[in-house]
Amino acid sequence: MPIRRLPPETVNRIAAGEVVERPASAIKELVENALDAGATRIEVQADGGGLSRILIADDGHGMAPDQLALAVERHATSKLEPDDAGDVDLLRISTLGFRGEALPSIGSVARLTITSRSANGDAHQITVEGGDQRPVAPAGFPGQHGARVEVRDLFYATPARLKFMKSERSEAMAISEEIKRQAMAHEGVAFTLDLDGRTTLRLPAEHPGDEGRLKRLAALLGRDFEANALLIDQSREGIRLSGYAGLPTYSRGNGGHQYLFVNGRPVRDRLLQGALRGAYADFLARDRHPAAVLFLEIDPLFVDVNVHPAKAEVRFRDPALVRGLIVGALRHALHAAGHRASTTVADSVLAGFTAHTGAAFSPSSQTSQGFAGGFSGWTGWDRPVAANQDIPGLSERSARVEAPPPGFTGWPEQSGAANTSDPIDQPLGAARAQVHGTYIVAQTRDGLVVVDQHAAHERLVYERMKVQMAQGAVTRQALLTPEVVELDPAEADRVLARADELAELGLIVEPFGGGAVLVRETPALLGDTDVQGLIRDIADDLAEHGAALALSERLGEVCGTMACHGSVRAGRVLSAPEMNALLRQMEATPHSGQCNHGRPTYVELKLHDLEKLFGRR
């Protein structure tokens, strides 16, 4: 077939399809134009999911009449400055959008009207319908300067594209999400969003900086994010990472609460998302995702923003440097958080209590009808308890002294004020009871704390193993009789292939023929552990993540498996000194607010929370 030149109208529509995929992408380009124009207030209106009508109004610099005509021409832009020789450096892009690309693209597939007024100038208007440009004409404009861009009947000139649009509701949700992303990146700009005549978002301008940014994020992501967010601000070799990341116990079921920005531009980048996942690898289960809003500031020369026509993806010149900065900054913030746990944990607990009015205290009791407040699902007592009667077994259990469980014997003694002060004044308080052989109940000066003993000790053992591994000093204990573990040959090969790395963790394994593995030594921290279960779990971890995680992350998975096997199990009766020792060690250990799988290790209820439960507030 002969080669032909396509008509200009067809070329424009092909180009428009790359830039304007849906109404939300058109709005993205128009909002970025407004931001580049120095707008401090941006109003967005969309009807019919943005397919019927879009209106973007801003108070930016505006455009003069001669600039309006150029703005709707392809490859005309105010955002690239030529050098003295007339050359343009496409790698040094410091703006967000390209006015000379988005406007003609939209004008080629819709009915586009731009009204603008520059400072000290008169307002003018230009219209483009399906690529047909009308002359610039005088017009009215409500503000002193700025621009109003109206788009009607998007894709009317390319009806085939309309068939691929989703429902109006889905398109409206995409528009809302896009405005939220832009608002996160520009807290100093006021945003308003109206969908089908109803205001769905109204954000006042915030003071630029960390405080204003957090207020903006709280307005968009909720007060819970504000209460459970960690400040991120680290720099390395001219690259700065800032923003906020949620505590591990504030994790989500999907990655929908992860927002990444490069030089103010919202992006979806696998490198950045992978670094975020890697930073939380020690703290979250595989099906949980951290919440984070991160901003990367980098010299434009070291990042390519033209990888994708809509600039939704980027490419870094030194990806290892960027990944290292993100992982290091996040882990530094998580370490500084200490044993802090999410406030939503206590909220969930309070929501689980149900007040009963006029109900019996116990189903088996007919003598407590006057009790006005109880808890649904309470299984600790099976009969009424008189006011002057001790709860059977509770005092004896608290005072009982038994042999220390595995892992407690090696704990260092607490010294200084921690030994002489009243334990009730410590952050996690003084142990008062152990419930169901699993949960430690402690009293603080202004509330109570409930600790999951297995989850808490699992984190403590894990952190100690990480320190020992980093120092190359994991203490091992030889088994009196080496244990043979029968595995599938492929599983045995995977375990034996990592024998050297396992040895660094204190686990000595050797081949025993026929798919069997011989275990000679185990980490001393684990005590008398289930060797068979440990090796099988390690084999499963390596099978699932052996090729997907970096070596250090893979070792972390193995280390976590060991810690789980070596921690105090649920059902283990602890003495009062043991319970208090666990609380003090949690206070001194980073990340002890969650276990290795991201679950909370303790719940704290303040006195005012308890008072609300019983109607005292």
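## A hairpin, a sheet and a buried serine

Let's start with two strands that sit next to each other in the sequence: β17 (residues 430-435) and β18 (residues 439-444) pair in the antiparallel sense, over five bridges. Keep in mind that this is a predicted model. If pairing is new to you, strands of a sheet pair through backbone hydrogen bonds, either parallel or antiparallel. Here you can pick out one facing pair by eye: A430 stands opposite Q443 in β18. What do β17 and β18 form together? They make a hairpin, with three residues between the two strands. Look at H436 in that turn, where phi is positive, at about 55°.

Now for a sheet with more strands. Five of them form an open sheet, in the order β10-β11-β14-β12-β13, and the pairing is mixed. Which strands are at the edges? They are β10 (229-236) and β13 (265-267), each of which pairs on one side only. On average, and ignoring direction, neighbouring strands of this sheet are turned by 20° against each other.

This sheet has a helix for company. Helix α7 (residues 210-221) packs on the sheet and touches β10, β11 (239-246), β12 and β14 (292-297). The direction of α7 makes about 45° with that of β11.

Zoom in on one edge of the sheet, and you find β12 (residues 258-262) pairing with β13 in the antiparallel sense over three bridges. One match to look for is L260, whose bridge partner in β13 is V267.

Here are the two antiparallel pairs side by side:

| Strand pair | Bridges |
|---|---|
| β17 (residues 430-435) and β18 (residues 439-444) | five bridges |
| β12 (residues 258-262) and β13 | three bridges |

Next, a single residue in a helix. S108 lies in helix α4 (residues 99-109). Is S108 buried or exposed? S108 counts as buried because its relative accessible area is 2%, and the cut-off for buried is under 20%. The side chain of S108 also reaches the backbone oxygen of S105, at 2.7 Å.

Finally, step back to the whole chain. There are 20 helices and 23 strands in it. Of the 617 residues, 48% are buried. How do the contacts spread along the sequence? Among those with a separation of 6 or more, 70% are between residues 24 or more positions apart. As for the outside, the accessible surface of the chain comes to about 29,600 Å², and carbon and sulfur atoms account for 51% of it.

Notes:
Residues are numbered from 1 along each chain as its sequence is written. This is a predicted model: local features need pLDDT of at least 70, side-chain atom pairs count only at pLDDT 80 or more; totals for chains, interfaces and linings use all residues. Side-chain values use heavy atoms; hydrogens and water are left out. Two strands pair if DSSP finds at least two bridges between them. Helices (H or I, at least four residues) and strands (E, at least two) are DSSP runs, numbered from the N terminus. Buried means under 20% relative accessible area, exposed over 50%, partly exposed in between (1.4 Å probe, protein chains only). A polar contact is a pair of N or O atoms within 3.5 Å; within protein, one must be able to donate a hydrogen and the other to accept it, and residues adjacent in sequence count only if both atoms are side-chain atoms. Axes are lines fitted to C-alpha atoms, for helices over the stretch in contact, and angles run from 0 to 180 degrees between N-to-C directions. Contact means heavy atoms within 4.5 Å. Accessible areas come from the Shrake-Rupley method with a 1.4 Å probe; for residues, only the protein chains shown count as cover.
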